[in-house]
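Here is a short note for a colleague opening this entry for the first time. Please keep the sequence and the model side by side while reading.

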Amino acid sequence: TLNGLVETALANNYDLAIAVARVEEARAYLGIAKSAQLPSVNAQGSSSRGDTSGPSRVDNEHVGLIGISFDLDLWGKYRRATEAARAEMLATEAAYRTIRLAVAAETVRAYFTLLSVDRQLDSSRSTLKARQKGEGIYRSRFREGLSGEFEFRQSEVETTTALAQVQQLEIAQVQAENALAVLLGKSPREITEESVIRTTTLNKLAVPDLVPAGLPASLIGRRPDIIEAEHLLHAATADIGVAKAAFLPDISLTGMFGWASTEFHNFIQTSTRQWSLGAQALQPVFQGGRLMAQLEAANARQKAAYAQYQNTVLNAYREVLDALTANKITRQRVVTIQKQVASLRRAMTLANLRYESGQASFLEVLDAQRALFNSEIELIKSHQAQLEAVVTLCQ
């Protein structure tokens, strides 16, 4: 079931659709950058008819030309621009993988949250039934004069407290379902009319084994956010080359080839062929400091990209270390709270026996009930945290 939910999210999630569109845009920009290294070919044609030498002379002119222009990339400006565009595209693809991984992880977490709320709601409803039953007993004892009004009113308070807890969890259950439905890309009608299918309960989900010791730190290099930062640094470095090349002359080669004729049916004739070749150099002399400012800006962006790369790697190590710790401690905490729940169940049984025999007050029973209920809810949340720690470490 969980695998199916993840596959649905990866197919329908709108955040992922946006990321895919951005990758396609980056690929298009790469194509634009690469085209600057190729010759440009244009075709043009014209026809005219006019009287140029008196009332008896009408001239026709038909011209068809093919124009070719090519910028010599002597200083690597276009190559560096293409390099930057390719790096930016790869960074965009890595960003897409980051979002894809996040969508999968958030879907799994949302499912665990839903199952956790289900379990908490079941436990709260069971507690509510028990307290409603207890309230009925204390009401009868109060009416028969076997106990005071204080015990009856306290039982009422405990019942309304349990009811409020159930109502709060019912809201949380709807919110958890809606959050998962949005991740799955469901329509508003589907969110309103359909429920998320559950085929198991939280406590029946198997927990993977602990991560084995000795895994190489180089595994962290597979993180797409690190790959994205690396490509952005590459792109920023290539932009410096583009800014430096702007100081050097641009050299363009141009050519024209075609035919001209006074009669359209004789258009293509060797005698009317036209051609021309030319070269042009453009050297910037004075730009008011614009070129130097562009170079300084490119250098600053490269420094920022390098700092961002370092920061990304550092945060990656921190997140992995935190996840390793959580993956270990959450398992230990589940065992600890399981022992606590067992002890509190025994304590509540003893408190009831002591109250029935007159050796303890009703407050002792209430304290035992509250402690057991809170511990059972905490056990459910700890089991959820244990599973989520595995997801976080994988992510």
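1. **Overall spread.** The radius of gyration of the protein is 38 Å. A compact globule of 395 residues would come in near 21 Å. Keep in mind that this is a predicted model. Along the principal axes, the C-alpha atoms occupy a box of roughly 135 × 55 × 40 Å.

2. **Secondary structure.** The protein has 8 helices and 4 strands. Their order along the sequence is α-α-β-β-α-α-α-α-β-β-α-α. Two of the helices come up repeatedly below: H4, residues 149-183, and H8, residues 362-394.

3. **Burial and surface.** How much of the protein counts as buried? The share is 32% of the 395 residues. The exposed area is about 23900 Å². Carbon and sulfur atoms supply 57% of that area.

4. **Contacts along the chain.** Take the contacts between residues at least 6 apart in sequence. Of these, 80% join residues at least 24 apart.

5. **Charges.** The protein carries 42 positive and 42 negative charges. The mean positions of the two sets lie 5 Å apart. Side chains of opposite charge can pair when their charged atoms come close. The structure holds 18 salt bridges. Three of them are taken up in the next points.

6. **Arg370 and Asp367.** This salt bridge has its closest N and O atoms 2.9 Å apart. Why are the two residues about one helical turn from each other? Both belong to helix H8, and they are separated by about one turn because they are 3 residues apart there. Arginine 370 has a relative accessible area of 29%, so it counts as partly exposed. Aspartate 367 is also partly exposed, at 45%. Elsewhere, salt bridges with shared partners link Arg223, Asp225, Arg318, Glu319 and Asp322 into one network.

7. **Inside that network: Arg223 and Asp225.** Arginine 223 pairs with aspartate 225, and 2.8 Å separates the closest N and O atoms. Is arginine 223 buried or exposed? Its relative accessibility is 14%, so it counts as buried. The cut-off for buried is under 20%.

8. **Inside that network: Glu319 and Arg318.** These two form a salt bridge with the closest N and O atoms 3.9 Å apart. Glutamate 319 is partly exposed, at 35% relative accessibility. Arginine 318 is partly exposed as well, at 42%.

9. **Two residues of helix H4.** Arginine 153 and glutamate 177 are worth selecting together. Arginine 153 lies in helix H4, and glutamate 177 has its place in helix H4 too. Arginine 153 is partly exposed, with 37% relative accessibility. Glutamate 177 has 16% and counts as buried. Which residues does glutamate 177 touch, leaving out those up to four places away in sequence? They are Leu114, Ser195, Val196 and Arg198. For arginine 153, look towards arginine 139. The two are 14 residues apart in sequence, and their C-alpha atoms are 8.7 Å apart in space.

10. **Thr392 in helix H8.** Threonine 392 sits in helix H8. It is partly exposed, with a relative accessible area of 37%. Setting aside neighbours within four places in sequence, threonine 392 is in contact with Arg109 and Ala323. Where does alanine 297 stand relative to threonine 392? It is 95 residues away along the chain, and 38 Å separates the C-alpha atoms.

11. **Leu219 in a loop.** Leucine 219 belongs to the loop between helix H5 (188-193) and helix H6 (224-245). What is the relative accessibility of leucine 219? The value is 34%, so the residue counts as partly exposed. Leucine 219 and leucine 115 are 104 residues apart in sequence. From C-alpha to C-alpha, they are 32 Å apart in space.

12. **To take away.** The points to check first are these. The protein has a radius of gyration of 38 Å, against near 21 Å for a compact globule of 395 residues. Its 8 helices and 4 strands come with 18 salt bridges. One network of salt bridges joins Arg223, Asp225, Arg318, Glu319 and Asp322.

Note on methods
Residues numbered from 1 in each chain as written. Predicted model: local features only at pLDDT ≥ 70, side-chain atom pairs only at ≥ 80, totals over all residues. Heavy atoms only, no water. Rg over C-alpha atoms; globule rule 2.2 N^0.38 Å. Buried < 20%, exposed > 50% of the residue type's maximum accessible area, 1.4 Å probe, protein only. Contact = heavy atoms within 4.5 Å. Areas by Shrake-Rupley, 256 points an atom, 1.4 Å probe, with all protein chains shown as cover. Lys, Arg positive; Asp, Glu negative; His and termini not counted. Charge placed at Lys NZ, Arg CZ, Asp CG, Glu CD. Salt bridge = Lys/Arg side-chain N within 4 Å of Asp/Glu carboxyl O.
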